[in-house]
Amino acid sequence: MADYARPPGTADILPEQAGAWQFVEAKAREVCERYHFREVRTPVFEHTEVFERGVGDTTDIVQKEMYTFTDRGGRSMTLRPEGTAGVVRAFNEEKLYGGNLPGKFFYLGPMFRYEKKQAGRYRQFHQYGVEVIGSDDARADAEVIELADCYLKELGVDKYRLELNSVGCPTCRAAHKALLLAHLAPVKEELCADCQTRFDKNPLRILDCKIDGKRPEVMSAPMIVDHLCADCAAHFAGVKGYLDALRVTYELVPTMVRGLDYYTRTAFEFVGTELGAQSTIIGGGRYNGLVGMLGGPDLPGVGFAGGLERLLMTLAEDKVAALSADTLDAYVIVMGEAANRLAVQVMQRLRAYGLKVDADYAGRGFKAQLKQADRFSAPVAVIIGDDEAAAKSVTLRDMVSKEQRLVTIEHLLEDKDR
Ligand code: HAM
């Protein structure tokens, strides 16, 4: 039997929700405009190496979540699981580093991860992300964090907290890694299977493991933020200082290290306080090695991405409903064959004038058409019968007061202004 259901972990966004989607997307574009970020659109699939190298082959994403396929030319391709690696690949390939730096980019679009099905976790989801490439200035970190904060506030989302940490650089990490391994060695065998692998490949990730993160031995482990080199410590102090100046409230969370390998220095997450297990709405940080790792010059970067599905979950239900309400400015009621020709012309003129207008194509009677006008909350019904058609006029009915008056076609639009 053919299976015509949509694939697990995907969703159909229907007109009832589309208005809310358009609102969060339009707000993202509008905020980015004000902060001088410009849109970039990269392919939905890339050569698999872009993510293996960019996101990191010890991450959950690369190890078990990528949609990878061989194309007809025998190349390994992957549906993008996130946006940063693709933007950096484009930055390098299009030699944007030769232009004005830093480059400030934003993107909106679908991402793909083969994750376990769970509320707030999808296999196709949508991200809004920003990237600043080419500056190591702590003001750039503060700017992207404050931009995210501003975005959430202007969406009307207020139940969240900002978690902040610094994960250092390869220099401080090497020294910290030795301390961390020595601390965790006695309990290595008791750690979960993922953390046993992380112990050898990327022990920092053990600190924010959902399973082992709560173990007393892990909670008492040396934290990277307490072992930063002088440069990283000064950078982190700078970021915190600018956030204070911007009155962005944050919580220092030394165990938060993020799930992608490219992060250096600043790491942050905006966490919804009323969401369930998948409560991170926006995550980001600095990635000073990524541009070079993907074949470009040694340029630093910082950015974030937010999940639109999770953002929408934080918006109040009545707000989502209002944003997607199906309303009209006028409903055209047509009675009789001869009226149809005039009616289509009237609709064309009203729409050209900027009004949202529709009519019945289902052969409803007069009363049923009036009901339709109410259903779409149209303040005005434009009634056209054969008599009106003969007189090149229409009857305007105020749907609230029920008052009606006859106006000629010529006066229809001017009448609307009065
Ligand atoms: P990420 O933490 O993997 O970071 O994802 C960012 C956000 O995307 C998450 O906080 C969440 O809201 C949403 N998200 C991730 N996976 C899913 C999923 N399966 N279902 C629904 N929503 C999801 C990144 O992707 C980095 N590229 C962010 C970044 C940009 N860092 C620097 N620049």
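**Exercise 1. Place Ser135 in the chain and work out its surroundings.**

Step 1: find the segment. Ser135 sits in the loop that links β6 (124–133) with α5 (138–155); helices (H or I, at least four residues) and strands (E, at least two) are DSSP runs, numbered from the N terminus. A quick note before going on: this is a predicted model, where local features need pLDDT of at least 70 and side-chain atom pairs count only at pLDDT 80 or more, while totals for chains, interfaces and linings use all residues. Residues are numbered from 1 along each chain as its sequence is written, and side-chain values use heavy atoms, with hydrogens and water left out.

Step 2: check the burial. Ser135 counts as buried because its relative accessibility is 15%; the cut-offs are under 20% relative accessible area for buried, over 50% for exposed, and partly exposed in between (1.4 Å probe, protein chains only).

Step 3: list the neighbours. Leaving out residues up to four places away in sequence, Ser135 touches Pro102, Ala140, Arg286 and Pro300, where contact means heavy atoms within 4.5 Å.

Step 4: look at the side chain. A polar atom of the Ser135 side chain lies 3.0 Å from the backbone nitrogen of Asp137. A polar contact is a pair of N or O atoms within 3.5 Å; within protein, one must be able to donate a hydrogen and the other to accept it, and residues adjacent in sequence count only if both atoms are side-chain atoms.

**Exercise 2. Follow α5 from its start to just past its end.**

Step 1: at the start of α5, Asp137 has a side-chain oxygen within 2.8 Å of the backbone nitrogen of Arg139.

Step 2: compare the lengths. With 18 residues, α5 reaches 26 Å from first to last C-alpha, close to the 26 Å expected at 1.5 Å a residue; the expected span is 1.5 Å times one less than the number of residues.

Step 3: see how covered the helix is. Of the 18 residues of α5, 13 are buried, so the rest of the structure largely encloses it.

Step 4: go past the end. Gly156, just after α5, has a positive phi of about 90°.

**Exercise 3. How many disulfides does the structure hold?**

Step 1: the count is zero, with a disulfide taken as a pair of cysteine sulfur atoms within 2.5 Å.

Step 2: test Cys209. Its closest cysteine sulfur is in Cys195, and at 3.6 Å that is too far for a bond. Cys209 is also buried, at 7% relative accessible area.

Step 3: test Cys229. Here the closest cysteine sulfur belongs to Cys232, at 3.6 Å, again too far for a bond.

**Exercise 4. Map the strand partners of β15 (residues 393–398).**

Step 1: start with burial. Five of the six residues of β15 are buried, so this strand is largely enclosed by the rest of the structure.

Step 2: take one partner. β14 (residues 380–385) runs antiparallel to β15, joined by four bridges; two strands pair if DSSP finds at least two bridges between them. Ala381 has Arg397 of β15 as its bridge partner.

Step 3: take β16 (residues 404–408). Five bridges join β15 to β16, again antiparallel, and Ser393 stands opposite Thr408.

Step 4: inspect the turn. β15 and β16 make a hairpin with five residues between them, and Lys402 in that turn has a positive phi of about 70°.
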